[in-house]
Amino acid sequence: MPEAKNADTRTAEADAGPIRFFDLETPKKMLRADIEKRWQKILDHGAFIGGPEVTELEAALAARTGAKHALAVASGTDALVIALMGEEVTSRDAIFIPGFTYNATANAVLVAGATPVFVDVDAHTCNMDPAHLEAQVEAVIREGKLTPRMVIAVDLYGLPADYAAIGRIAKKHGMLVMADAAQSFGGAQGGRMIGAIADMTTLSFYPSKTLGCYGDGGAMTTDDPARFDRWSSIRWHGTDAQKKESIRVGVNGRLDSVQCAVLLSKLTIFGDEMKARERIAQRYRAGLGNAVEMQHVPAGSQNAWGLFTIMVNNRDAVMKALQEKGVPSSIYYYKALHQHKAFAPYAPKGGLPVCEKLAARVLSLPMHPYLTDGQVDRVVAAVKAAV
Ligand SMILES: Cc1ncc(COP(=O)(O)O)c(C=O)c1O
């Protein structure tokens, strides 16, 4: 069986070969012919903005997430800003966000003209701690300067936030819940897909995300038709449906046909990629066992495994030891939000102890659907030897 032998040889070569932190090359090779065909079509029809690929992608995203409406936008950051603009937030509105996330979450709140209130996270899931959310909401009410308006939960590393607990607190205080799902497209919780859990969800299609395009891209989902209409208008400079009059302030937040075509192509392999991510994550978990602390996945949550993250005390030494064995690793994130100069004015009194501790300890290991079992085992062995 010469073919089987060739396959075995290829696997053995890959097992011993270089380990990529992300792998954008393999899917590019797999889909190149399909993407070129789709791009050729765009060259022919010439609708570079607002082409049929945009509506096709929006329908595909709605179908895949189970949300009633999906809107393609220029980036995950634009999705956050447009969603906040859609609720007409002002500087008197408190928007509660986790203190441990990418800076885009905080930037979007400030760009939209609202006030961020940082919430500490859970030491095990790395996501917003509902108990501290409740405490921060009560503190805002006691102080009397801001109105609690919205919670933006972030699904860090791909793990859905605790939407049940956050939803209860939001409801009690008349707040909306937005899911910043930039890292978790493909994840699920309680039988619902990311995109159909919160009042509204924002996605990023940055190239290294679980679903990534070949440039910047993003999307937003909701079940509320009026909210969706406001977003569509804001995405296109705040114009009415006929694009004749500016009926509100808006932005250029459109995603072009070329990027939508890449995403449509990527969606054809997305299901298989998610299965591979789960298999790889489980191999990491089984291999690492009790040797190292890992992000905790609560029962009922499906992590999309945008990143696979461990927590270590001697991080610099571990990174160096991994590097010496050809294992790349990366830090998401070096600082909690309130530790950044730009967001220091919003630092809570006493800081955010769990966020600060995580920022000093988190380390993400290689994670992409094309890691072989042998490569995962090499990473596991290198981590065990280093900690
Ligand atoms: C949690 C989070 N929110 C928002 C964003 C912003 O997405 P984009 O880079 O597409 O603007 C990112 C991107 O990395 C992110 O990780």
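**Figure 1. Helix α8 and the elements that cover its buried residues in this predicted model.** The cover over the buried residues of α8 includes the helices α3 (52-65) and α4, together with the strands β1 (69-73), β5 (176-180), β8 (200-204) and β9 (218-222). Helix α8 runs over residues 225-235, and its buried residues are Arg227, Phe228, Trp231, Ser233, Ile234 and Arg235. An α-helix has 3.6 residues a turn, so residues three or four places apart point the same way. At the N-terminal end of α8, aspartate 224 acts as a cap, with a side-chain oxygen 2.9 Å from the backbone nitrogen of alanine 226. Histidine 237, which follows α8, has a positive phi, near 60 degrees.

**Figure 2. The ligand and the residues around it.** The ligand sits in the largest pocket. It is surrounded by 16 residues, of which Gly76, Thr77, Asp180, Ser204 and Lys209 are the closest. A polar backbone atom of glycine 76 is 2.8 Å from an oxygen atom of the ligand. An N or O atom in the side chain of aspartate 180 is 2.7 Å from a nitrogen atom of the ligand. Serine 204 has a polar side-chain atom 2.7 Å from an oxygen atom of the ligand. On its own the ligand has 390 Å² of accessible area, and the protein covers 92% of that area. Helices α4 (76-86) and α5 (103-111) each contribute at least two residues to the shell around the ligand. Helix α4 gives the most to this shell, with three residues.

**Figure 3. Tryptophan 305 in the loop between β11 and β12.** Strand β11 covers residues 301-302, and β12 covers residues 308-311. Tryptophan 305 has a relative accessible area of 2%, so it counts as buried, the limit for buried being under 20%. Its side chain makes a polar contact of 2.8 Å with the side chain of glutamate 278. Apart from neighbours within four places in sequence, tryptophan 305 is in contact with Tyr157, Gly158, Thr210, Arg277, Glu278, Ala281, Arg285, Val297 and Met367. Phenylalanine 270 is 35 residues from tryptophan 305 in sequence and 13 Å from it in space, C-alpha to C-alpha.

**Figure 4. Asparagine 127 in the loop between β3 and α6.** Asparagine 127 counts as buried because its relative accessibility is 3%. The side chain of asparagine 127 reaches the backbone oxygen of leucine 159 at 2.8 Å. When neighbours within four places in sequence are left aside, the residues in contact with asparagine 127 are Val121, Asp122, Val154, Asp155, Leu156, Leu159, Pro160 and Ala161.

**Figure 5. Glutamine 136 in helix α6.** Helix α6 consists of residues 130-143. Glutamine 136 is buried, with a relative accessible area of 13%. The backbone oxygen of phenylalanine 118 is reached by the side chain of glutamine 136 at 2.7 Å. Not counting residues up to four places away in sequence, glutamine 136 touches Phe96, Val117, Phe118, Val119 and Pro348.

**Figure 6. Helix α11 and the packing of its buried residues.** Helix α11 spans residues 353-361, and Cys355, Leu358, Ala359 and Arg361 are buried in it. The buried residues of α11 pack against one helix, α10 (315-324), and against the strands β3 (115-119), β10 (293-294), β12 (308-311) and β13 (362-365).

Note on methods
Residues numbered from 1 in each chain as written. Predicted model: local features only at pLDDT ≥ 70, side-chain atom pairs only at ≥ 80, totals over all residues. Heavy atoms only, no water. Helix = DSSP H or I, 4+ residues; strand = E, 2+ residues; numbered from the N terminus. Buried < 20%, exposed > 50% of the residue type's maximum accessible area, 1.4 Å probe, protein only. Polar contact = N/O pair within 3.5 Å; in protein donor to acceptor, adjacent residues only side chain to side chain. Contact = heavy atoms within 4.5 Å. Near = heavy atom within 4 Å. Areas by Shrake-Rupley, 256 points an atom, 1.4 Å probe, with all protein chains shown as cover. 1 Å grid on protein atoms, 1.4 Å probe; cavity = no way out; pocket = protein on both sides within 12 Å on 5 of 7 lines; lining within 4 Å. Sits in = over half its atoms within 2 Å of the grid points.
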